[in-house]
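Visitor: Got a minute to go through this one with me? I'd like to talk about the cysteines and then the ligand.

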Amino acid sequence: MSLRDIADGIRSMEIRGAAEIARRAAEALRQEAMDYKGDRPGELWDVLQRGKEELLASRPTAVSLWNGVQSVFKGTSAQMASEELRVMVMDNADAFISRSRQAVEIIGKVGSKRIRDGDRVLTHCNSKAALSVIIQAFKDGKRVEAYATESRPWRQGLLTVRDLSAAGLRPTMVVDSAARWLMKDIDVVVVGADTICSNGAVINKIGTSQIALAAHEARVPFLVAAETFKFSPKTMYGELVEIEERDSSEVVRKGEVPEGTRILNPVFDATPPEYIDAIITEVGVVPPSAAYEIIVKELGHEFIFDRNEKW
Ligand code: RI2
């Protein structure tokens, strides 16, 4: 697949999932570097920068995409000889892809310990990190009853019940609006994340925050499973997370509603840190208040401000 095809696939959600879009973007840049045949100074750099912009423009919310692309460029510069740049970009991309896969496995092993024998676990959307926790707990011999929300409008819940069934579980699916009704029968909620802000707020699939609210009310632990590259250095610089809004055709078909009806289709929402009991990462289980530390330690963003500069 060309870089353009991958960017298009991410935009159309043929390629989806916060970690997967990051890996595929890294793969696209790797391919671009590998296919480069010229040796004009600066040319490969320009090609890669254009590719990077195109990939970053494909979906705005998940910071995993941004972090993934940044890590591909780690240690590179416009002045590098093309061969050196090519090798570095390819190595960085390989390292990111394998580290990100490993992270999902570690999250499963760490998170599994938070699931007890007989737990009824609710998840939302289709997060490979959250599923890794649920499936690992099941593999560890615990009796796990898994519940999945449908996750309108894309119905990623169908993917989730398929993933759970393939792992040997017998999942139950409910419509999104049943979340509060269901909470009386749930012992723990585990969801994924697209972005975690420096204050510990979690941006995830639309509907996550109302599930968190219902869990909070019912005193059901609410866990987030997320690789460290889902934490956002950009929010440390004060940037707000852009919540993607997609086309209304994903929600209603033509002619289903009267002419002039406004259909909103926000894709993500923000769950405040107060509603989150723990975030399960590949470097351990942390409270949402540790988000700043994760960004500094794991993503290396400690020197964000020039202290001599006037603000
Ligand atoms: P993993 C998805 O976004 C969901 O919001 C899911 O919770 C999140 O990415 C994380 O998924 P979308 O691409 O990286 O379906 O854990 O919009 O697989």
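**Cysteines and ligand**

Guide: The sulfur of cysteine 125 sits 18 Å from the closest cysteine sulfur, in cysteine 197, so that is too far for a bond. This is a predicted model, where local features need pLDDT of at least 70, side-chain atom pairs count only at pLDDT 80 or more, and totals for chains, interfaces and linings use all residues. Residues are numbered from 1 along each chain as its sequence is written, and side-chain values use heavy atoms, with hydrogens and water left out.

Visitor: How many disulfides does the structure hold?

Guide: Zero, taking a disulfide as a pair of cysteine sulfur atoms within 2.5 Å.

Visitor: And is cysteine 125 buried or exposed?

Guide: Buried, at a relative accessible area of 7%. Buried means under 20%, exposed over 50%, partly exposed in between (1.4 Å probe, protein chains only). Cysteine 197 counts as buried too, at 11%.

Visitor: OK, ligand now. Which residues come nearest?

Guide: Of the 18 around the ligand, Arg16, Ser127, Asp194, Asn204 and Lys205; a residue counts as near if one of its heavy atoms lies within 4 Å.

Visitor: What lies 2.9 Å from a ligand oxygen?

Guide: A polar side-chain atom of arginine 59. For glycine 17, a backbone N or O atom is 2.8 Å from an oxygen atom of the ligand. A polar contact here is a pair of N or O atoms within 3.5 Å.

Visitor: What's the shell like by class?

Guide: Seven nonpolar, five polar and six charged residues. Ala, Val, Leu, Ile, Met, Phe, Trp, Tyr, Cys and Pro count as nonpolar, Asp, Glu, Lys and Arg as charged, and the others, Gly among them, as polar.

Notes:
A polar contact is a pair of N or O atoms within 3.5 Å; within protein, one must be able to donate a hydrogen and the other to accept it, and residues adjacent in sequence count only if both atoms are side-chain atoms.
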